[in-house]
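The following report looks at a single protein model, beginning with a contact between a side chain and a ring and moving on to the sheet, its helices and selected residues. Please keep the sequence and the structure at hand while reading.

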Amino acid sequence: MTPACRRSWAPCRGPRPVFVDDARFLRAQTDRPIKWTLPGPMTMIDTLYDAHYRSREKLAWEFARILNEEARELEAAGVDIIQFDEPAFNVFFDEANDWGIATLERAAAGLNAETAVHICYGYGIKANTDWKKTLGAEWRQYEETFPNLQKSSIDIISLECQNSRVPMDLIELIRGKTVMVGAIDVATDTIETPEQVADTLRNALRFVDANKLYPATNCGMAPLSRTVARGKLAALAAGAAIVRGELGG
């Protein structure tokens, strides 16, 4: 998503849809549900220099408006779930609660498609790896924002649970939401076994109803080779099948 901020001192605007042609192509290839991912407003502004609004909050509201326009176009193209990635929620707790969740809801406003927010701790760059080493034995940052996310209009919350230090019981704070449980670690080439995936899902089922649990990966799989990614996805499907069988589904 790359709205035009003419030079660095003019208002932001979205001149045309970015992903709609791709979404239409994908929709033509399958009758299965499609999930599309966009960056969230707070995460977008976190890496931008702002010489016009001079306010993180004001800039986030502008991006929320532009993201909503893109999301509506994706919905019209046949996308079933629209996800916004907001790892910044795990860093800027006060801002996330003061206006971050509100701008996220603005980005999702008026959609009939299901909406999701993905909150992870980041992958792929040294700064994230170094930061994670400072978080201690338990990563409880979700505790800061989950109560307000539970009250939000967002339908699905996507979390990293495989090989993370997130206490699984924090999911209780979003009881009632659909949860995408990350059961695949995207930071290693080691392919999980189906039983490892099943164990993660069983653990999560203590805090989320089975009909509201979506097995998922911790984050995107772009850093992985195609062979490893396919192996991990096969393990995810097999592990989910084990648990589904245990539940009689």
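## A side chain over a ring

In this predicted model, R56 lies over the face of F92, at 4.6 Å from the ring centre.

## Aromatic pairs

Pairs between aromatic rings come to a count of two. F19 and W36 form one of them, a tilted pair whose centres are 6.2 Å apart and whose planes make an angle of 50°. This pair links distant parts of the chain, since F19 sits in the loop between strand 2 (12-13) and helix 1 (20-29), whereas W36 belongs to strand 3, with the two positions 17 residues apart in sequence. F19 counts as partly exposed because its relative accessibility is 22%, and buried means under 20%. W36, with a relative accessible area of 13%, falls under that cut-off and is therefore buried.

Y142 and F146 also form a pair, with ring centres 5.0 Å apart and planes at 5°, so this pair is stacked. Both residues lie in helix 6, where a spacing of four residues corresponds to about one turn of the helix. Y142 and F146 are both buried.

## The sheet and its edges

Six strands make up an open sheet in the order 3-4-5-6-7-8, and the pairing is parallel. Strand 3 and strand 8 (213-216) are the edge strands, each of which pairs on one side only. From one strand to the next, the twist averages 25°.

At one edge, strand 3 (residues 35-39) runs parallel to strand 4 (residues 81-85), and five bridges join the two. Within this pairing, K35 has I81 of strand 4 as its bridge partner. Strand 3 shows a covered face, formed by W36 and L38, and an uncovered one, formed by K35, T37 and P39; K35, with its bridge to I81, thus belongs to the uncovered face, while W36, the partner of F19 in the tilted aromatic pair, belongs to the covered one. At the other edge, strand 7 (residues 178-182) and strand 8 run parallel and are joined by four bridges, with V179 having L213 of strand 8 as its bridge partner.

## Strand 6 and its neighbours

How many residues of strand 6 are buried? Five of its five residues are buried, and the strand is accordingly described as mostly covered. Both of its faces are covered, with I156, S158 and E160 on one side and I157 and L159 on the other.

Strand 6 pairs with strand 5 in the parallel sense over four bridges, and in this pairing V117 stands opposite I157. Strand 6 also pairs with strand 7, again in the parallel sense, over five bridges, and here S158 stands opposite M180. The two residues of strand 6 named in these pairings lie on opposite sides of the strand, I157 with L159 on one side and S158 with I156 and E160 on the other.

## Helices on the sheet

Helix 6 (residues 142-150), which carries the stacked pair of Y142 and F146, lies across strand 5 (114-119) and strand 6 (156-160), and runs at about 165° to strand 6. Helix 7 (residues 194-204) packs on the sheet as well, touching strand 7 and strand 8, and its direction makes about 145° with that of strand 7.

## Two threonines in different settings

T115 is located in strand 5, and its relative accessibility of 4% is why it counts as buried. Leaving aside residues up to four places away in sequence, T115 touches I82, A108, S153, I154, D155 and I156. One of these contacts, I156, is among the buried residues of strand 6.

T188, by contrast, is found in the loop between strand 7 and helix 7, and with a relative accessible area of 23% it is partly exposed. What does T188 touch, not counting residues up to four places away in sequence? The contacts are L224 and K232. T188 and L224 are 36 residues apart in sequence, while their C-alpha atoms are 8.1 Å apart in space. The side chain of T188 also reaches the backbone nitrogen of T190, at 3.1 Å.

Methods. Residues numbered from 1 in each chain as written. Predicted model: local features only at pLDDT ≥ 70, side-chain atom pairs only at ≥ 80, totals over all residues. Heavy atoms only, no water. Buried < 20%, exposed > 50% of the residue type's maximum accessible area, 1.4 Å probe, protein only. Pairing = 2+ DSSP bridges. Axes fitted to C-alpha atoms, helices over the stretch in contact; angles between N-to-C directions. Contact = heavy atoms within 4.5 Å. Polar contact = N/O pair within 3.5 Å; in protein donor to acceptor, adjacent residues only side chain to side chain. Phe/Tyr/Trp six-rings, centres within 6.5 Å; stacked < 30°, edge-to-face > 60°. Lys NZ or Arg CZ within 6 Å of the ring centre and 35° of its normal.
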